[in-house]
Amino acid sequence: MDELRPEQERDDAREDTSSSEEPIDAVINRLAAYSDAVEDEGHAVEDVTNAVEPGAEEPVLELAGEPRRFGRLRNRERAPKSPKERKEKRAKRLVGLKIGSSQIAAAHVVNNGAPELVEAAREPLEPGLVVAGEIRDPEVLGDALKRFFDLHKLPKNAVRLGVSNNRIGVRTFEIEGISDPQMLENAIRFRAEEVLPIPLDQAVLDYVVLDERTAEDGTEWRRILLVVAYRDVVDRYLQACRRAGIQVVGIDHEAFALLRALQPPSDRVDSAGALVAVTIGHDRTTIAVSTGTHCEFARVLDWGGWSLNVAIARELDRAPTEVESIKRQLSLSGPTQIEGLSDEQVTKVRDGVQRALTGFAREIVSSLQFYQAQPGSHGIGEILMTGGAAHMDGLPEAVGELAGVPIRLGDPSRRVKLGPKVDLAEQPGSYSVAIGLGIED
């Protein structure tokens, strides 16, 4: 999702901080489906989660020979920019803001040629403020955001916010025989009413044209990526940001930011398979599929690192809040000694985690099978896993073995140049979405 305001309007917003009180529609109009450039036509958000059918007992995925990387497709021709405009574009600074259920993460990125991460920060968040990607108390969260930005001296005037939950998602469909832009938009809204599970008067939506061609008989064909969000979900995020004095210049689906963080844009390679990115959060996991030029599929699972806490706590007859350190010490790749636990207890813990991961792996396979059932889908080329829980020793490989698909750990620090003050030595995957939100490709 892009920022869609003209250059002059963005300049005025920098000078007038009162713009943080702008109505929600003014910000919602800056929602876009995928790319990062202000001059791009933003388009797209809707939930595919409920449409995913459970996988079979032993599901099989179509694999490809080589991985395909993430990129984007531009939708229209543009007038050449002046050298000054190009310089301003290259030097753009953004703060990517990821508000999770257990922590806030921010990445200050300077987009001057290769993106440079000049500052990264994360802090624990009071439990219950954000649950399953939805804000319960915007005022308290706003105060927490203000303290966070002030403590880490992060700029508040150019923030791109990530959103992701089961009421926000992505869907693709095709439209034929329409060339007029206004008629196309009307047709997309009409189709949205057919495929979306919520009334459009309660939603904010945008779209992007992923692919287009003209048949021999002159019929025009377009494939559309549609994104939809409940208006109240977005509104609560913006309320919290306004209270914190944060100027939101763009709102992005976390799936798109995740892909940007893990792979640079590249041209599509027909012989390669799709890139699948999986990020494990505290109470939810986001899956994104890219075929090299755009995100084709996204799903949010109600499963996160907390699910492992629950599994461990059950085996030890403890509270989930008491086993975080045990989870961090556990290894799935070999024998482990954990302080305070006997060898028998460690074995029970590992078995409990394996059972939890079995259900998780089935959800991933089910999601990818649903993607591959769509017209124009591709084989799976590579699966990258990130997020805090993904740093458990051997976890990506264990999930890959259960799913029957190789999975490796994704590292967002490889996508950016690290500034002298940045240290991502501990769980860099926790910054993946925030870094992707800050990148302008």
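This section describes the aromatic pairs, charged side chains, cysteines and a buried helix in a predicted model.

The structure holds four aromatic pairs. One of them joins Phe 297 and Tyr 371, whose rings are tilted at 50 degrees between the planes and lie 6.1 Å centre to centre. Because Phe 297 belongs to strand β14 (residues 295-301) and Tyr 371 to helix α10 (residues 343-372), this pair ties together parts of the chain that are 74 residues apart in sequence. Both partners are buried: Phe 297 has a relative accessible area of 3%, and Tyr 371 has a relative accessibility of 2%. A second pair is formed by Trp 303 and Phe 360, and here the rings are stacked, with 4.0 Å from centre to centre and 10 degrees between the planes. This pair, too, links distant parts of the chain, since Trp 303 is placed in the loop between β14 and α8 (305-316) whereas Phe 360 is in helix α10, 57 residues apart. With a relative accessibility of 11%, Trp 303 falls under the 20% cut-off and therefore counts as buried, while Phe 360, at 0%, is likewise buried. Ring pairs also link Phe 297 and Tyr 371 with Phe 370, so that the three residues form a cluster.

Aromatic rings are also met by positive side chains. The charged end of Arg 167 sits over the ring of Tyr 230, at 3.8 Å from the ring centre. In a further case, Arg 213 lies over the face of Trp 221, and the separation from the ring centre is 3.9 Å.

Another arginine, Arg 350, is found in helix α10, the helix that also contains Phe 360 and Tyr 371. Arg 350 is buried yet has no salt bridge. The nearest side chain of opposite charge is that of Asp 351, which is 6.2 Å away; because a salt bridge requires a nitrogen-to-oxygen distance within 4 Å, Asp 351 does not provide one. When residues up to four places away in sequence are not counted, the contacts of Arg 350 are with Leu 330, Ser 331, Leu 332, Gly 334, Pro 335 and Thr 336.

The cysteines were examined next. Cys 241 is buried, with a relative accessibility of 1%, and Cys 295 is buried at 0%. The count of disulfides nevertheless comes to zero, the criterion being a pair of cysteine sulfur atoms within 2.5 Å.

Gln 247 occupies the loop between α6 (231-244) and β11 (248-253). This residue is buried, with a relative accessible area of 8%. The C-alpha atom of Gln 247 is separated by 5.9 Å from that of Lys 156, although the two residues are 91 residues apart along the chain.

Helix α11 (residues 395-403) contributes several buried residues, namely Leu 395, Pro 396, Ala 398, Val 399, Gly 400 and Ala 403. The elements that cover these buried residues include two helices, α8 and α10, together with strands β12 (272-280), β15 (380-387) and β16 (407-409). Helix α10 thus recurs in the description, as it holds Arg 350 and is among the elements covering the buried residues of α11. Just after α11, Gly 404 takes a positive phi of about 80 degrees.

Methods: Residues are numbered from 1 along each chain as its sequence is written. This is a predicted model: local features need pLDDT of at least 70, side-chain atom pairs count only at pLDDT 80 or more; totals for chains, interfaces and linings use all residues. Side-chain values use heavy atoms; hydrogens and water are left out. Buried means under 20% relative accessible area, exposed over 50%, partly exposed in between (1.4 Å probe, protein chains only). Rings of Phe, Tyr and Trp (its six-membered ring) pair if their centres lie within 6.5 Å; planes under 30 degrees apart count as stacked, over 60 as edge-to-face and the rest as tilted. Helices (H or I, at least four residues) and strands (E, at least two) are DSSP runs, numbered from the N terminus. A charge sits over a ring if NZ of Lys or CZ of Arg is within 6 Å of the ring centre and within 35 degrees of the ring normal. Lys and Arg count as positive and Asp and Glu as negative; His and the chain ends are not counted. Contact means heavy atoms within 4.5 Å.
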